[in-house]
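Biologist: I would like a close look at a single part of this model, namely its aromatic side chains and their surroundings. Please treat the matter in one connected account.

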Amino acid sequence: QVQLVESGGGLVQAGGSLRLSCAASGSIFSITSMGWYRQAPGKQRELVATITSGSSTIYADSVKGRFTISRDNAKNTVYLQMDSLKPEDTAIYYCNVYIRTLSLTRYWGQGTQVTVSS
């Protein structure tokens with residue numbers, strides 16, 4: 001069984017920073033892609049950033065230059081450093097990880113609230 005535990009959300013003023021973490025644990029053979037998605041009230045879940053096992057990254061246009069995704073393979077953990085936060089970044093942030101146990105399976109974290117006040 002695999003678990004994802006997220007941390008690091010909270011309330012911050014516009015222009016501030018937050019760092020999200022998502023740690024995977026359990027019966028893990030390997031981890032391929034890791035990423036972050038977000039969902040604002042009344043909107044669909046959208047991709048924020050992803051990082052491959054080879055550390056190639058993809059960012060949504062709305063966060064390029066402000067957010068940085070990284071991973072620590074030894075800790076099975078993915079991070080999202082969020083700088084220059086804007087009110088429109090307010091959402092629930094979910095980590096998303098592809099983990100190979102007996103097969104390759106996509107897992108979601110429980111979500112962490114990020115609120116940016118103006």
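Modeller: A residue counts as buried when its relative accessible area is under 20%, as exposed when that area is over 50%, and as partly exposed in between. The model is a predicted one. By this cut-off Tyr37 is buried, because its relative accessible area is 17%. Trp108, with a relative accessible area of 34%, is therefore partly exposed.

These two residues belong together: a search of the whole structure finds one aromatic pair. The ring centres of Tyr37 and Trp108 lie 5.1 Å apart and their planes stand at 70°, so the pair is edge-to-face; planes over 60 degrees apart fall in that class. The pair links distant parts of the chain, since Tyr37 lies in strand 4 (residues 30-39) and Trp108 in strand 10 (residues 104-108), 71 residues apart.

Other aromatic rings have a charged partner. The charged end of Arg45 sits over the ring of Tyr94, at 3.8 Å from its centre. Likewise, the ring of Tyr79 has the charged end of Arg19 over it, 4.1 Å from the ring centre.

The strands numbered 3 and 8 deserve a description as well. Strand 3 covers residues 18-26 and strand 8 residues 77-82; the two run antiparallel and are joined by six bridges. Within this pairing, Ala23 stands opposite Thr77 of strand 8. Both strands are part of an open sheet of four strands, in the order 1-3-8-7, with antiparallel pairing. Its edges are strand 1 (2-7) and strand 7 (67-72), each of which pairs on one side only. From one strand to the next, the twist averages 15°.

Definitions and conventions: Residues are numbered from 1 along each chain as its sequence is written. This is a predicted model: local features need pLDDT of at least 70, side-chain atom pairs count only at pLDDT 80 or more; totals for chains, interfaces and linings use all residues. Side-chain values use heavy atoms; hydrogens and water are left out. Two strands pair if DSSP finds at least two bridges between them. Axes are lines fitted to C-alpha atoms, for helices over the stretch in contact, and angles run from 0 to 180 degrees between N-to-C directions. Rings of Phe, Tyr and Trp (its six-membered ring) pair if their centres lie within 6.5 Å; planes under 30 degrees apart count as stacked, over 60 as edge-to-face and the rest as tilted. Buried means under 20% relative accessible area, exposed over 50%, partly exposed in between (1.4 Å probe, protein chains only). A charge sits over a ring if NZ of Lys or CZ of Arg is within 6 Å of the ring centre and within 35 degrees of the ring normal.
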